Amino acid sequence: MVERMLHLASVKRRSLIPISVTLAATALIVLGYFSWNASIRTDRAELPRYGSAPEFDLEDQDGMPLDKESLHGKIWVAGFIDMADSGASALLNSRFAELDQNFRKGEQLRLISMVLSAANSSEPELADLARHYLASSHWRFVGGTPEQTGNLLDRWKPIVSAQVDGSLVSRFFLVDSEGVIRATYDGRSPETVQRVLEDIGTLLRSSAK
């Protein structure tokens, strides 16, 4: 009887070895993940500075003037809408619409869509865009004469060519509360929304220190 009990105890100990090894391996994986994740947060603790966002002075969908100075103290994301390319515009607007859903409770956050058009961007046209995408008060569509928007496009182009390849109208720009561009993104990428939100979190944490 004693021998049988000793045998069973030995078997039980042997059966626990794989479980112990599995638990140890799992613990190492979890520890490694958190260490890796912490290193990412450390790497992203400070976003680069690409220089000041260009000045602009346009009207929004409500016929109200909007310029860079009025955005001082806000964190904002800017993007261009080329009305001549409806397919690309729809995709970029859908990304902004996702961001808008996350911005609704953030009083410090704004979205600025700069509308490029061969004709004057009228208030009704901008308002139609805002209604179509169910834009909140955080999302402003701005436009003007072709000359105004063309000049604006020219002022933003050097920033794109200096930092990234690709068309200006496919890019999003993250601007901090001091009006400094801190990141650029490919607006066509499905990962862009998550990246923008992560970087905004970085800016908010930095300003809270």
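## A briefing on the fold, cores and cavities

Residues 24 or more positions apart make up 70% of the contacts in the protein with a separation of 6 or more. Please keep in mind that this is a predicted model. Its 209 residues, of which 39% count as buried, form five helices and seven strands. Along the sequence, these elements come in the order α-β-β-β-α-β-α-β-α-β-β-α.

**The nonpolar cores**

- The largest nonpolar core has 26 residues, and the members that touch the most others are Val-77, Phe-141, Leu-174 and Ile-200.
- At least two residues of this core come from each of E3, H2, E4, helix H3 (123–132), E5, strand E6 (171–175), strand E7 (181–186) and H5.
- Helix H2 gives the largest share of this core, with five residues.
- Another core, of 20 residues, lies apart from the largest one, and its members include Ile-112, Leu-152, Leu-168 and Ile-181.
- For a closer look at one core member, try Val-77: leaving aside residues up to four places away in sequence, Val-77 touches Phe-96, Phe-103, Arg-110, Leu-111, Ile-112, Phe-172, Phe-173, Leu-174, Val-196 and Ile-200.

**Strand E5 and its partner**

- Strand E5 spans residues 139–142 and is covered on both faces.
- On one side of E5 sit Trp-139 and Phe-141, on the other Arg-140 and Val-142, and all of these are buried.
- Phe-141 also appears among the residues that touch the most other members of the largest nonpolar core.
- E5 pairs with strand E4 (residues 109–116) in the parallel sense, through four bridges.
- Within this part of the model, Val-142 in E5 has Met-114 standing opposite.

**The largest cavity**

- One cavity of 30 Å³ or more is found in the structure, and the largest cavity holds about 40 Å³ of space.
- Its lining is made up of Gly-79, Phe-80, Ile-81, Leu-92, Asn-93, Phe-96, Ser-113 and Phe-172.
- Strand E3 (75–82) and helix H2 (86–103) each contribute at least two of these lining residues.
- By residue type, the cavity lining has five nonpolar residues, three polar and no charged.
- Two of the cavity-lining residues, Phe-96 and Phe-172, are also touched by Val-77.

**The largest pocket**

- The largest pocket offers about 200 Å³ of space.
- It is lined by 14 residues, with Asp-176, Arg-182, Leu-203, Ser-206 and Ser-207 the closest to its centre.
- Helix H5 (residues 192–208) supplies the largest share of the pocket lining, four residues.
- The pocket lining consists of four nonpolar, five polar and five charged residues.

**Two residues worth a visit**

- Leu-134 is not a glycine, yet has a positive phi of about 50 degrees.
- Most residues other than glycine have a negative phi.
- You will find Leu-134 in the loop between H3 and E5, where Leu-134 counts as exposed at 63% relative accessibility.
- Pro-158 belongs to helix H4 (residues 146–163).
- With a relative accessible area of 46%, Pro-158 is partly exposed.
- From C-alpha to C-alpha, Pro-158 and Leu-168 are 9.7 Å apart in space, while in sequence they are 10 residues apart.
- Leu-168 itself is a member of the 20-residue core.

Definitions and conventions:
Residues are numbered from 1 along each chain as its sequence is written. This is a predicted model: local features need pLDDT of at least 70, side-chain atom pairs count only at pLDDT 80 or more; totals for chains, interfaces and linings use all residues. Side-chain values use heavy atoms; hydrogens and water are left out. Buried means under 20% relative accessible area, exposed over 50%, partly exposed in between (1.4 Å probe, protein chains only). Two strands pair if DSSP finds at least two bridges between them. On a 1 Å grid over the protein atoms alone, a cavity is a set of points where a 1.4 Å probe fits but cannot get out, and a pocket is an open set with protein on both sides within 12 Å along at least five of seven lines; lining residues have an atom within 4 Å of a point. Grid points are joined across faces, edges and corners, and a volume is the space filled by probe spheres set on the points. Ala, Val, Leu, Ile, Met, Phe, Trp, Tyr, Cys and Pro count as nonpolar, Asp, Glu, Lys and Arg as charged, and the others, Gly among them, as polar. A nonpolar core is a set of buried Ala, Val, Leu, Ile, Met, Phe, Trp, Tyr and Cys residues joined through side-chain atoms within 4.5 Å. Contact means heavy atoms within 4.5 Å.
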